Amino acid sequence: RFSLFFPEKREFFLENAGIFEFGARGFFEPPPFLLFFSRRIGLDDDENEVPVVAGGRLTGRAGSQTVGFLDVYTGRNDLEAPANYAVGRMKRDVGKSGYVGAIVTDKRRKDFSNTAAGVDASFWPTGSLNLTAFVARTQTTGEGGDGNAARIGAEYSTDRVGARVQWLRIEPGTDAQMGFITRTDINRFGGDTRVSAR
């Protein structure tokens, strides 16, 4: 009923892949929302190979900024027309472990384009408490696909106890064609706790 989530195994996309991560990872499930998922490039919906004509990637750090840029042009197979895929990502360090960041993804082929953009942040008020949030929007020409997504989460973790909570909203029209969305039109709250005995 829902798309299956297979991890990336191609070396070109694995190197420094964490720079491009944006969205919500599932607690005990596939990710409900990722704005960028590299397996959308060079593979069609049936996991058949789409020929990659050319591509390039630039990642690194400049002072307190982490930047990443990826651009790939793919050819044609039975399901996919030639298309250009581009993603740009930037993070700026805040404090010792926090950051604020932004991302833009863009898929284009003849008479069609899908663009998604978002901002996110992660803060550590204490060494045990992490607060995270993001907001994103997708926009599509030719086939609809305009919508918003947002998440707020908190995680508290010590050696003995831990707790996580999150609120996630994905509007019905949200369509990130360079990402992974398990399902749209959801508004949910969830979390878990743990107690560790030594």
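## The three-stranded sheet

In this predicted model, three strands are arranged as an open sheet in the order 1-2-11, and their pairing is antiparallel. Strand 1 (23-24) and strand 11 (180-181) lie at the edges with a single partner strand each, so one side of each has no neighbour in the sheet.

The pairing of strand 1 with strand 2 (residues 33-34) is antiparallel and runs over two bridges. Within this sheet, Ala24 has Phe33 of strand 2 as its bridge partner.

## The nine-stranded sheet

A further open sheet is built from nine strands, which follow the order 3-4-5-6-7-8-9-10-12 with antiparallel pairing. Its edge strands are strand 3 (52-62) and strand 12 (186-195), each of which pairs on one side only, and from one strand to the next the twist averages 5 degrees.

Inside that order, strand 5 (residues 83-94) pairs with strand 6 (residues 98-109) in the antiparallel sense, over 11 bridges. Asn84 illustrates the register of this pairing, as its bridge partner in strand 6 is Arg108.

## A nonpolar surface patch

Val94, Val100, Phe123 and Leu131 together make a nonpolar surface patch of about 270 Å². Of these residues, Leu131 belongs to strand 8 (residues 129-141), and strand 8 is in turn a member of the nine-stranded sheet.

Leu131 has a relative accessible area of 34% and is therefore classed as partly exposed, a value that also lies over the 30% required of a residue in such a patch.

Note on methods:
Residues are numbered from 1 along each chain as its sequence is written. This is a predicted model: local features need pLDDT of at least 70, side-chain atom pairs count only at pLDDT 80 or more; totals for chains, interfaces and linings use all residues. Side-chain values use heavy atoms; hydrogens and water are left out. Patches are made of residues with over 30% relative accessible area and no salt bridge: like charges are joined within 9 Å, nonpolar side chains (Val, Leu, Ile, Met, Phe, Trp, Tyr) within 5 Å. Accessible areas come from the Shrake-Rupley method with a 1.4 Å probe; for residues, only the protein chains shown count as cover. A salt bridge is a side-chain nitrogen of Lys or Arg within 4 Å of a carboxyl oxygen of Asp or Glu. Helices (H or I, at least four residues) and strands (E, at least two) are DSSP runs, numbered from the N terminus. Buried means under 20% relative accessible area, exposed over 50%, partly exposed in between (1.4 Å probe, protein chains only). Two strands pair if DSSP finds at least two bridges between them. Axes are lines fitted to C-alpha atoms, for helices over the stretch in contact, and angles run from 0 to 180 degrees between N-to-C directions.
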